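Okay, everyone, thanks for coming. Let me put the structure up, and then I'll talk you through a few parts of it.

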Amino acid sequence: MPLHLRFGTEDLLRCRFALSPLCETHEAVRTLRRTERHSYHLPWLRRIHGAVADLDLSPLWLLMPVTGGYTPDFLGPPPTSSVAASFGDELEQMRACDPSLAGAEIARSLACTPGAAESARGRAMLEDPARAVRELADLTQRAWEALVAPDWPRVRDLLEADIAYRARQLAETGLEGLFTDLHPGRVSWREGRLSVRTAFRDVMVQELDGRGVLLVPSAFIWPDVVSGFAPPWQPTVLYPARGVGGLWQRPTPDSVQALAGLLGPNRAAVLAELEEPASTTSLAVRLGLAPSSVSAHLSALRDAGLLTSRRAHRHVLYERTPLGIALLAGGAGPAPS
């Protein structure tokens, strides 16, 4: 059923984007049990199989009802800083949650699963919420280190590329176009309300009251979309980042050679070299090409939608878009819609 976020004038002025490595960690944990999420993440699932075997994630899973349930908001509090929030900073925010609030959210979550509140672990959480927060935070840190941290640079690049795309989309189509494209079929905008189809059984209306909405792209959340953060939390929508289909693909010699036939050897080399964001000068040195030549190739690749650019201090950094990632991987399939 839908959650309706009702906007006022002030709310339209207070919409922003952020990244959340903490939320990504919990969505990665949730993905392990959601088989409908597995299709895009099979290489990742195979690689982390051994690490998962050494983790007891059942305390977190107990608070992640499979269908139609509520997960405590304090597990993944909406980030309060810019897109550069660190996992450590967010984990400290989780650890600082007021025990009374944590206890209320734990009780609400356990009530969604028959027998959960009466289980030994459920009773322990309800009897000592402060201890539960500490133990859940410690487990979250271990999950981060095993499941997400080794791949965070790649995941972060995908999320930042999505935000860069959304920024251009906002400039071209306004907020209405941006909202309706976040997750067609599950997110819609009409008459001052952002409607999000969630797993909750009841229709809910949340007044934003001038707080706006925080938009957080996620690599692991597809095909879902998550919202419903109640006070005191910032209203937030977690939505699938574009290009998840190419996230775990790596360029192969065959794909680079084939791409060279399509784009030319130098442009293919420029695209293949951008494992991490880089400047024109850096690429020119690494590839042994003239900066003017690299600049022309970068402009052509950006105009074709294969790269995006952003300014970082005195430099302009280029990085692959989801389309560029998929093309270099040899055709990873379309991005989820």
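I'll go through a small sheet, then two helix pairs and a residue from each.

Quick housekeeping first: this is a predicted model, where local features need pLDDT of at least 70, side-chain atom pairs count only at pLDDT 80 or more, and totals for chains, interfaces and linings use all residues. Residues are numbered from 1 along each chain as its sequence is written, and side-chain values use heavy atoms, with hydrogens and water left out.

Okay, the sheet. It's an open one with 4 strands, in the order β3-β4-β1-β5, and the pairing is mixed. When I say strand I mean a DSSP run of E, at least two residues, and a helix is a run of H or I, at least four, all numbered from the N terminus. Two strands pair if DSSP finds at least two bridges between them. At the edges you've got β3 (187–190) and β5 (204–207); each has a single partner strand, so one side of each has no neighbour in the sheet. On average, neighbouring strands here are turned by 20° against each other, ignoring direction.

Let's stay with β3. Its pairing with β4, residues 193–197, is antiparallel, over 4 bridges. Trp189 sits opposite Leu194 in β4, and Arg190 sits opposite Arg193 in β4. The hairpin of these two strands has 2 residues between them, and there Glu191 takes a positive phi near 50°.

So which side chains of β3 are buried? Val187 and Trp189, which point to one face; Ser188 and Arg190 point to the other and are not buried. Buried, by the way, is under 20% relative accessible area, exposed is over 50%, and partly exposed is in between, with a 1.4 Å probe and protein chains only. Lying across β3 and β4 is helix α10, residues 152–181, which runs at about 150° to β3. Those angles run from 0 to 180 degrees between N-to-C directions, and axes are lines fitted to C-alpha atoms, for helices over the stretch in contact.

Next, the first helix pair. α2 and α6 (residues 87–95) pack at about 80°, with their axes 8 Å apart. They therefore count as roughly perpendicular, which covers 65 to 115 degrees; under 35 is roughly parallel, over 145 roughly antiparallel, and the rest oblique. Pro21, Leu22, Thr25 and His26 of α2 make the contact with Phe87, Glu90, Leu91 and Met94 of α6. Contact here means heavy atoms within 4.5 Å.

Also in α2 (residues 21–31) is Arg30. Is Arg30 buried or exposed? It's buried, because its relative accessible area is 12%. Leaving aside neighbours within four places in sequence, Arg30 is in contact with Arg37, Met64 and Thr71. With Thr71 there's also a side-chain polar contact of 3.2 Å; that term means N or O atoms within 3.5 Å, where within protein one must be able to donate a hydrogen and the other to accept it, and residues adjacent in sequence count only if both atoms are side-chain atoms.

Last bit: α12 (residues 265–273) and α14. Their axes come within 10 Å and cross at roughly 75°, so this pair is roughly perpendicular too. The residues involved are Asn266, Arg267, Val270 and Leu271 of α12, and His297, Leu298, Ala300 and Leu301 of α14.

His297 lies in α14, residues 291–303, and counts as buried because its relative accessibility is 12%. Setting aside neighbours within four places in sequence, His297 is in contact with Asn266, Arg267 and Val270. That's my tour, thanks.
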